[in-house]
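Biologist: I am new to this structure and would like a close look at a single part of it. Please take one helix and walk me through its length, its ends and its surroundings.

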Amino acid sequence: GVLPSPDGPAPSVSITEIRQYLRAQDIPFHDGYSCLHTPSLFTGDRGDQPLSANAPFTLFIDKTTGSFLCTATLAEGTWQDFQANVEMRHHGVTPIPPASSEETEEEMRQAREDARCIWERALPLWELLDEKETKETKALFGISQVSDATLKRFGVRYLRAARSLVFPWFSPQDATLKGLKLLRVEKKGGTKTYVEETLPRFDSYRNLFGLPLIGRRDTELVLTGWELDALALHQAAGVASLALPRGASSLPPTLLPYLEQFKRITLWLGEDLRSWEAAKLFARKLSLKRCSLVRPGNLHPRPLEALNQGLNVTKILRSALLASHKSIISFRQLREEVFGELVNTEQVSGVKWTRFPELNKLLKGHRRGELTIFTGPTGSGKTTFISEYALDLCMQGVCTLWGSFEINNVRLAKIMLTQFAGRRLEDQLELYDEWADRFEELPLYFMTFHGQQNIKTVIDTMQHAVYMYDITHVVVDNLQFMMGHEHLSVDR
């Protein structure tokens, strides 16, 4: 997903302003965990009537950004769109949901169509040719312990032609198929890696896998980073469980409304430290007071592993730690974490670069909260190197934000695409689309700034990007350009 960038940051609106506006407009609301809940502007047709507090509260306003989503009609938009629609109602006009571009509409329609064709060709795993094929397939995906009843409940199928599991994305409104995720296994040497592909593409794929199975009365949830983990949790502990569409790499704010009904959410995203860091980040978005986290470590593998090893999953869930620890804590509360750091020294040292083994010796890897400055004379290759250095991490799922004040984004993206493809694309233009499609899947975002910038604007944009896309790596190229030369005496 490259550049969903607004020109400059989204106008910030504070939660106080949102509440004042709703009160002034006589719109009833509840204060939720990450959102305010109101009756929808888009479901009734009586434009001049005040919104009734008896109507279902299906419209959710994000407390951090002011963006809204109506879960009944799927209307969504910015805070400005919301205000515009309230104005329209006052004039007796039925509000219309903000439209996405025709191009996006067409793309989504095409994706749905493609998904439907694949879905119809895919079979339930227990309907394969013979039991042997079913057994081998289940073993390949590590789901020998997952029962047919569980697979059936979640609607998992198998596409024989692509040797892939197929996870459906059903609309929570009317149960129509909106898209799907394909999962296949690649074996290199002794290691298995899982490769995922989604329809529609990565940045529009927002399936909280398992959502249609959640009951209205469910108040406790386990949030996982992987579809197979959601299956394992349901089977092993009978709990309501959902899988995030992008695993531990990000929690898109548009999913928050669907998580508002839960009083308790346990995050069990995976078994490594990156999943643990992500869980802490997501708990902040979800509101700390209702979240608990399952500690990663040898005793707590990911849910599917726990099921395969015959561990007591319910017991692991009970041992989850509250996310809202106080700001002063004793060593007793830290000792687990310290032990974790000793056990996982390799992981603590951060995400390693695959292309720069020497750099790993110096910097140990990319670690959150650290600042690295590269200096060198003009033309010595700083930008070229940094672009490859950032691409390396981005390809490993580190969500990256670029702020280039020196060269424009088109040129920067051209450099990165060339490095990504590892070839001169100008000589092989017929390959361009294939590489561009793969490049687009990377969690890479660009800020649209040029030349000297007000530092506050830049920081605001960065903060907005961190909330929206869970950015964990920001590259600024370069500091001089960003600061300008006018206030040299000011301490930067």
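Modeller: What follows is a description of one helix, set within the chain as a whole. The model is a predicted one, and its protein chain holds 17 helices and 17 strands. Of the 492 residues in that chain, 45% count as buried, and residues 24 or more positions apart account for 64% of the contacts with a separation of 6 or more.

The part I have chosen is helix H14, which covers residues 409–421. Its 13 residues reach 18 Å from the first C-alpha to the last, close to the 18 Å expected at 1.5 Å a residue. At the N-terminal end, H14 is capped by Asn408, which places a side-chain oxygen 3.1 Å from the backbone nitrogen of Val410. Beyond the other end, Gly422 comes just after H14 and takes a positive phi of about 65°.

Between these two ends, the buried residues of H14 are Asn409, Leu412, Met416, Leu417, Gln419, Phe420 and Ala421. As general background, an α-helix has 3.6 residues a turn, so residues three or four places apart point the same way. The surroundings of H14 include both helices and strands, for its buried residues pack against helix H13 (382–394) and helix H15 (432–440), and likewise against strand E15 (400–404) and strand E16 (444–446).

Technical notes. Residues are numbered from 1 along each chain as its sequence is written. This is a predicted model: local features need pLDDT of at least 70, side-chain atom pairs count only at pLDDT 80 or more; totals for chains, interfaces and linings use all residues. Side-chain values use heavy atoms; hydrogens and water are left out. Helices (H or I, at least four residues) and strands (E, at least two) are DSSP runs, numbered from the N terminus. The expected span of a helix is 1.5 Å times one less than its number of residues. Buried means under 20% relative accessible area, exposed over 50%, partly exposed in between (1.4 Å probe, protein chains only). Contact means heavy atoms within 4.5 Å. A polar contact is a pair of N or O atoms within 3.5 Å; within protein, one must be able to donate a hydrogen and the other to accept it, and residues adjacent in sequence count only if both atoms are side-chain atoms.
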